[in-house]
Amino acid sequence: MYTKNEEELQCLGERLGCLLEKNDVLILTGELGAGKTTFTKGLAKGLQITQMIKSPTYTIVREYEGRLPLYHLDVYRIEGDADSIDLDEFLFGGGVTVIEWGHLLGDALPDTYLELEILKEEDGRRLNFQAKGLRAEKLLEELQHGV
């Protein structure tokens, strides 16, 4: 997928947010400034969250309330040490978990998650999705084809 600007990136996030269910996990990767938090802002809108979404870079975790709780994590600063946070509290907390730099968690990741790599391309963004597990495959299918 490709988005031409921040507005399209947020709209795609909102579409995905509308599809999310309890305990869904989304892993976001991409260089600094790629649009991970921008995408999450749209996702939050799809979850009917009205609070302002901020990057969790320095706080590690930010929690928001909406149709489902949103747990927005940035694990870059914990350097892959999943034991330094209670990851299970978020993964199985009855909400949606978005983990920026989640690939750094390696084996601590759940069996099922949807991974999104955001790549800068000129003024837009290339979005590469990879589904891990049946629920993530279904979610990706719904996002891509509106099924």
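**Sheet and helix packing in a predicted model**

Q: In what order do the 7 strands of the open sheet run?
A: This is a predicted model. Its 7 strands make an open sheet, and the pairing in that sheet is mixed. Reading across, the order is E1-E7-E6-E2-E5-E4-E3.

Q: Which strands are the edge strands?
A: An edge strand here pairs on one side only. That description fits residues 2–3 and residues 61–64. So what you're looking for, given that strands pair if DSSP finds at least two bridges between them, is E1 and E3.

Q: In which sense do E2 and E5 pair?
A: Take E2 as residues 25–29 and E5 as residues 96–100; 4 bridges link the two. Within the pair, leucine 28 sits opposite glutamate 100 of E5. The sense of the E2 and E5 pairing is parallel.

Q: Is H1 parallel, perpendicular or oblique to H2?
A: H1 covers residues 6–19 and H2 covers residues 36–46, with axes 6 Å apart and an angle of about 40°. Angles under 35 degrees would count as roughly parallel, and 65 to 115 as roughly perpendicular. That makes H1, relative to H2, oblique.

Q: How many charged residues are in the contact of H1 with H2?
A: On the H1 side you'll find Leu9, Leu12 and Leu16, among others, meeting H2 residues including Phe39 and Leu43. Sorted by class, the contact has 6 nonpolar and 6 polar residues, and the charged ones number 4.

Q: At what angle does H4 run to E7?
A: H4 (residues 134–145) lies across two strands, E6 (113–121) and E7 (124–132). Its angle to E7 is about 145°.

Note on methods
Residues are numbered from 1 along each chain as its sequence is written. This is a predicted model: local features need pLDDT of at least 70, side-chain atom pairs count only at pLDDT 80 or more; totals for chains, interfaces and linings use all residues. Side-chain values use heavy atoms; hydrogens and water are left out. Axes are lines fitted to C-alpha atoms, for helices over the stretch in contact, and angles run from 0 to 180 degrees between N-to-C directions. Angles under 35 degrees count as roughly parallel, over 145 as roughly antiparallel, 65 to 115 as roughly perpendicular and the rest as oblique. Contact means heavy atoms within 4.5 Å. Ala, Val, Leu, Ile, Met, Phe, Trp, Tyr, Cys and Pro count as nonpolar, Asp, Glu, Lys and Arg as charged, and the others, Gly among them, as polar.
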